[in-house]
Amino acid sequence: MKRNYSIPSCDGKTSIHTVCWMPEGEPKAVIQLIHGMVEYIERYDDFAKFLTGLGYVVFGHDHLGHGQSVTSVENWGYIADTNPADALIRDIHRVRSAAQSKYPNLPYYILGHSMGSYLLRRYISLKAEGLTGVIIVGTGQENDATTLAGLTAIKTMAKAKGWHHRSKTIRDMTYTAPYKMYDLHGIDKSNSWICSDTDIMEKYYSDPRCTFTFTLNGYDALLNTVYYVNQKRHINKIPKDLPILLISGDLDPVGNLGKGVKSVYNKYVEAGITDIECHLFEGMRHEILNEPRKAETYEYIREWLSRH
């Protein structure tokens, strides 16, 4: 069973579209999903139904600037007037607080994909207390110099054109070298960087909720978070005993074909995190929850959850 509802955003003016997927019987745990950039939570419907079939209750929401959490199409990709990265984190916590108020005694997990994986990594440096475990999907790492240069370019352009401006130049700057082996704009859907399922890609590129260009405000939130999670002082705030699963495709350009994912894993180990696991799925691209062999990903997640 699926239920749609809304909660007030931290921005004081937006209703955050939220979804709850319920199992048939009494739930054994809660899993919160955090979606990625330029998509929306109901793209995770198949995976959420898989989880409910295992007895989990699943919560997720559309970020500010995404899906149904917008006041107008013009605001797609625009997050918040002030501190947009912080606003995304605060809304994640609002969804969690609402879910935990309904199920205060159940184990609580969070899974974040892509931009959601970066937001989750930021979140666990701030609000990890009470979490049973986290699953970080399709993440990566950029060096600080590159990220700071991007933030400077964004701020410079925003002074001239405003924070609502949509820049293809900034968008294309985020497609670093590992992306060049793929189609980036939906022309050759069989060679998409997102996933290799052409049916999924047909739906994706025909959906306006997945094909808009982020505003400068949105890119500022993203790169601010990419920089934040790469800082040792923030990594050191993550509880050492928090169970963490890092999973990605070994052909995912977001994770630099696995190298960035391994780097994140190594930094977490160096920080003293003790219950951490990293796995790269051979031959899979960015959306490992949508790949033709997604059953392998689902089963890997099921097994990890059952152990924790």
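About 90 Å³ of space lies in the largest cavity of this predicted model, and the structure holds one cavity of 30 Å³ or more. The wall of the largest cavity is formed by Glu39, Arg43, Tyr44, Asp46, Phe47, His113, Glu287, Leu289, Asn290 and Tyr298. Sorted by class, the lining of the largest cavity divides into four nonpolar, two polar and four charged residues. Among the residues of this lining is His113, and residue 113 closes the range of strand E5, which covers residues 108–113. Empty space of this kind comes to light when a probe the size of a water molecule is rolled over the atoms.

**Pockets**

The largest pocket has a volume of about 840 Å³, and 39 residues line it, with Met37, Thr174, Tyr175, Tyr179 and Trp193 lying nearest its centre. Two or more residues of the lining come from each of H3, helix H4 (144–161), helix H5 (168–173), helix H6 (198–205) and helix H7 (216–228). Which element gives the most to the lining of the largest pocket? It is H7, with four residues. In the second largest pocket there is about 280 Å³ of space, and of the 20 residues that line it, Asp11, Lys13, Ile79, Ala80 and Asp81 are the closest to its centre.

The table sets out the classes of residue in the three linings.

| Space | Nonpolar residues | Polar residues | Charged residues |
|---|---|---|---|
| Largest pocket | 22 nonpolar residues | twelve polar residues | five charged residues |
| Second largest pocket | seven nonpolar residues | eight polar residues | five charged residues |
| Largest cavity | four nonpolar residues | two polar residues | four charged residues |

**Strand E6 and its neighbours**

Strand E6, which spans residues 133–137, is largely enclosed by the rest of the structure, because five of its five residues are buried. What is found on the two faces of E6? Gly133, Ile135 and Val137 lie on one side, Val134 and Ile136 lie on the other, and all of them are buried, so that both faces are covered.

On one pairing, strand E5 (residues 108–113) runs parallel to E6 and is joined to it by five bridges, and within this pairing Leu111 stands opposite Ile135 of E6. Between the two strands the chain passes from E5 through helix H3 (residues 115–123) to E6, in a β-α-β crossover that is right-handed. Helix H3 is thus met again here, having been named among the elements that give two or more residues to the lining of the largest pocket.

E6 also pairs with strand E7 (residues 244–249), again in the parallel sense, over four bridges. Here Ile135 stands opposite Leu245 in E7. Ile135 therefore has Leu111 of E5 opposite it in one pairing and Leu245 of E7 opposite it in the other, and as a member of E6 it belongs to a strand whose five residues are buried.

Val137 is found in strand E6 and is buried, with a relative accessible area of 0%. Although Val137 and Gly249 are 112 residues apart in sequence, the C-alpha to C-alpha separation in space is 9.0 Å.

**Cysteines**

How many disulfides does the structure hold? The number is zero. Cys195 is in no disulfide, and the nearest cysteine sulfur, which belongs to Cys210, is 11 Å away. Cys195 is buried, with a relative accessible area of 0%, and Cys10 is likewise buried, with a relative accessible area of 14%, which falls under the 20% cut-off.

**Backbone angles in two loops**

Most residues other than glycine have a negative phi. Two residues of this model are described here against that background. Val38, although not a glycine, has a positive phi of about 55°, and it is found in the loop between strand E3 (29–34) and helix H1 (45–53). Val38 is buried, with a relative accessible area of 6%. Asn256 is not a glycine either, and its phi is positive at about 50°. The place of Asn256 is the loop between E7 and helix H9 (259–270), and E7 is the strand that pairs with E6 over four bridges. Is Asn256 buried or partly exposed? Asn256 is partly exposed, with a relative accessible area of 32%, a value that lies between the 20% and 50% cut-offs.

Definitions and conventions:
Residues are numbered from 1 along each chain as its sequence is written. This is a predicted model: local features need pLDDT of at least 70, side-chain atom pairs count only at pLDDT 80 or more; totals for chains, interfaces and linings use all residues. Side-chain values use heavy atoms; hydrogens and water are left out. Buried means under 20% relative accessible area, exposed over 50%, partly exposed in between (1.4 Å probe, protein chains only). Two strands pair if DSSP finds at least two bridges between them. A crossover is right-handed if, with the strands pointing away from the viewer, the path from the first strand over the helix to the second runs clockwise. On a 1 Å grid over the protein atoms alone, a cavity is a set of points where a 1.4 Å probe fits but cannot get out, and a pocket is an open set with protein on both sides within 12 Å along at least five of seven lines; lining residues have an atom within 4 Å of a point. Grid points are joined across faces, edges and corners, and a volume is the space filled by probe spheres set on the points. Ala, Val, Leu, Ile, Met, Phe, Trp, Tyr, Cys and Pro count as nonpolar, Asp, Glu, Lys and Arg as charged, and the others, Gly among them, as polar. A disulfide is a pair of cysteine sulfur atoms within 2.5 Å.
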